[in-house]
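Got the model open in your viewer? Grab the selection tool and follow along, one stop at a time.

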Amino acid sequence: MPTLLIVHHTPSPNCQTMFEAVLSGATAPEIEDVRVVRRAALSATAPDVLDADGYLLGTPANLGYMSGALKHFFDQIYYPCLDTTRGRPFGYYVHGGSDVTGAVRGIESVTTGLGWRRAAETVTVTGEPGKDAVERCWELGATLAAGLVA
């Protein structure tokens with residue numbers, strides 16, 4: 001059974017809303033035979049990444065960059081997973097108070113280095129996530145999960 005690993009840093013109610021929508025989409029009843037594993041960014045490990053078939057990342061934009069927690073995750077898994085996970089699908093969402101540009105640039109840089117393949121439209125939100133943002137997060141989760149069984 002394919003596994004989707006969701007690695008997230010969820011320190012705020014806005015990030016929590018986005019995380020819950022992504023999780024709801026990934027675990028929709030119509031998507032069968034996909035195992036969804038959730039890990040906080042500070043506790044996700046290289047074996048978690050190696051055991052997964054696809055990845056969904058979530059972070060706030062902090063001081064113009066991805067959260068330190070997600071950066072720590074990448075620092076821990078980069079070299080142990082570099083060759084083995086090339087070509088695997090991923091997607092991500094970013095929440096920011098006013099700007100997410102630096103966080104997006106950082107995630108794109110690291111995932112390009114890892115050789116991961118973006119398999120869904122990125123969801124970026126500034127301010128409180130509205131209905132449209134929540135729906136886009138749901139679609140992000142559903143798209144990545146369904147793509148693992150397609």
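Start by selecting leucine 63: this residue is exposed, with a relative accessible area of 91%. Here exposed means over 50% relative accessible area, buried means under 20%, and partly exposed is in between (1.4 Å probe, protein chains only). Leucine 63 sits in the loop between β3 and β4, and its phi is near 55 degrees, a positive value in a residue other than glycine. The element names come from DSSP runs: helices are H or I with at least four residues, strands are E with at least two, and both are numbered from the N terminus.

Before moving on, some housekeeping. This is a predicted model, in which local features need pLDDT of at least 70 and side-chain atom pairs count only at pLDDT 80 or more, while totals for chains, interfaces and linings use all residues. Residues are numbered from 1 along each chain as its sequence is written, and side-chain values use heavy atoms, with hydrogens and water left out.

Now pick aspartate 33, in the loop between α1 (13–26) and β2 (35–40). Aspartate 33 is not a glycine, yet has a positive phi of about 65 degrees. It is exposed, with a relative accessible area of 52%.

Next, select β5 (89–96). Eight of its eight residues are buried, so β5 is largely enclosed by the rest of the structure. In a regular strand the side chains alternate between the two faces of the sheet. Color Pro89, Gly91, Tyr93 and His95 for one side of β5, then Phe90, Tyr92, Val94 and Gly96 for the other; they are all buried.

Which strands pair with β5? Two strands pair if DSSP finds at least two bridges between them. β3 and β5 do so in the parallel sense over six bridges, with tyrosine 55 opposite phenylalanine 90. Strand β7 (residues 123–126) is also parallel to β5, over four bridges; look for glycine 96 opposite threonine 126 there. Two bridges join β5 to β6 (residues 117–118), again parallel, and arginine 117 in β6 is the bridge partner of proline 89. The chain gets from β5 to β6 through α4, and this β-α-β crossover is right-handed. That is, with the strands pointing away from you, the path from the first strand over the helix to the second runs clockwise.

Show α4 (residues 101–114) next. Its end C-alpha atoms are 20 Å apart, which agrees with the 20 Å expected for 14 residues; the expected span is 1.5 Å times one less than the number of residues. Gly102, Ala103, Gly106, Ile107, Val110, Thr111 and Leu114 are buried in α4. They cover an arc of only 155 degrees around the axis, which puts them on the same side of α4; the arc is that of the directions from the helix axis to the C-beta atoms. Arg105, Ser109 and Thr112 are exposed on the other side. Just after α4, click glycine 115, whose phi is positive, near 80 degrees.

For the last stop, go to threonine 85, in the loop between α3 and β5. Is it buried or exposed? At 0% relative accessibility, threonine 85 counts as buried. Its side chain reaches the backbone oxygen of cysteine 81 at 2.7 Å. Show Val49, Leu50, Tyr55 and Trp116 too: threonine 85 touches them, not counting residues up to four places away in sequence, where contact means heavy atoms within 4.5 Å.

How values were computed:
Polar contact = N/O pair within 3.5 Å; in protein donor to acceptor, adjacent residues only side chain to side chain.
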